[in-house]
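Subject: Handover of a structure and its findings

Dear colleague,

I am passing a structure to you for your further work. Please find the sequence and the coordinates below, followed by my notes.

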Amino acid sequence: MYPNYRISVEIILLYEGKVLLTKRAPHCKVAPNVWNVPAGKIKYDEIPIEGMYREAKEEINLDVELLEELSVRNIKSKSGDEDIYRVVFTYLVKPKNNDISLLKLNDEHSEYAWITKEDLNDPKYETLHDDIRKILLTKVFK
């Protein structure tokens, strides 16, 4: 019934009071040119927390430390013409040893920004998903 069903993770990286947003590259099949937090699909042999650590290393080249699980939710969206179904675990993390010197985006992303609560009002970030915006406003930038 749900042929494109996956478990995914979202990584909200907090550093010096700001959160890292990444912009999906234009060539990506899923959400091209959309601002988001680093995120990815869990592999079959992983549990979500393991996948979060792996995705942080793959997407932004950082080791992170877990602060809190912020949300678990179901979403339905589109990838091209196809419906996709996800269970999404959202984690608040900080850079391991507070070190961001190795931060580097993989080829799924074209740019990044460190944002504050006020930056969420910038039209530049209008593509940020409402769920992430709400989590940031209610659970991160309190």
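The notes below cover the aromatic pairs, the largest pocket and two residues in strands. Please keep in mind that this is a predicted model.

Aromatic pairs

A pair of aromatic rings is described by the distance of the centres and the angle of the planes. The count of aromatic pairs in this model comes to three, and two of the pairs are described here.

One of them is formed by Y15 and W114. The ring centres of Y15 and W114 are 5.6 Å apart and the planes stand at 50°, so this pair is tilted: the angle is neither under 30 degrees, as stacking requires, nor over 60, as edge-to-face requires. The pair links distant parts of the chain, since Y15 belongs to strand β1 (residues 5-15) and W114 to strand β7 (residues 109-115), 99 residues apart. Y15 has a relative accessible area of 16% and is therefore buried, the limit for that class being under 20%. W114, at 21% relative accessibility, counts as partly exposed.

Another pair consists of W35 and Y125. Here the ring centres lie 5.0 Å apart and the planes meet at 80°, so the pair is edge-to-face. These two residues also join distant parts of the chain: W35 is in strand β3 (residues 35-36), while Y125 is in the loop between β7 and α2 (130-140), 90 residues apart. W35 is buried, with a relative accessible area of 2%, and Y125 is buried as well, at 6%.

The largest pocket

The largest pocket holds about 780 Å³ of space. It is lined by 32 residues, and those closest to its centre are R24, V30, A31, N36 and A39. Two or more lining residues come from each of these elements: β1, β3, β4 (39-41), α1 (48-60), β5 (64-79), β6 (82-95) and α2. By character, the lining divides into twelve nonpolar, eight polar and twelve charged residues.

A39, one of the residues closest to the pocket centre, is found in strand β4. With a relative accessible area of 21%, A39 is partly exposed. Apart from its neighbours within four places in sequence, A39 is in contact with V9, E10, E55 and E59. A39 and T90 are 51 residues apart in sequence, and their C-alpha atoms are 8.8 Å apart in space.

Strands β5 and β6

Strands β5 and β6 run antiparallel and are joined by 14 bridges. Within this pairing, V72 stands opposite F89 in β6. The hairpin of β5 and β6 has two residues between the strands, and G80 takes a positive phi near 65° there.

I75 is placed in strand β5. Its relative accessible area of 23% makes I75 partly exposed. Not counting residues up to four places away in sequence, I75 touches I84, Y85, R86, V88 and D131. For one of these contacts, V88, the C-alpha atom is separated from that of I75 by 7.4 Å, with their positions 13 residues apart along the chain.

As you look at the strands, you may wish to bear one general point in mind. In a regular strand the side chains alternate between the two faces of the sheet.

With kind regards

Key:
Residues numbered from 1 in each chain as written. Predicted model: local features only at pLDDT ≥ 70, side-chain atom pairs only at ≥ 80, totals over all residues. Heavy atoms only, no water. Phe/Tyr/Trp six-rings, centres within 6.5 Å; stacked < 30°, edge-to-face > 60°. Helix = DSSP H or I, 4+ residues; strand = E, 2+ residues; numbered from the N terminus. Buried < 20%, exposed > 50% of the residue type's maximum accessible area, 1.4 Å probe, protein only. 1 Å grid on protein atoms, 1.4 Å probe; cavity = no way out; pocket = protein on both sides within 12 Å on 5 of 7 lines; lining within 4 Å. Points joined across faces, edges and corners; volume = space filled by probe spheres on them. Nonpolar A, V, L, I, M, F, W, Y, C, P; charged D, E, K, R; others polar. Contact = heavy atoms within 4.5 Å. Pairing = 2+ DSSP bridges.
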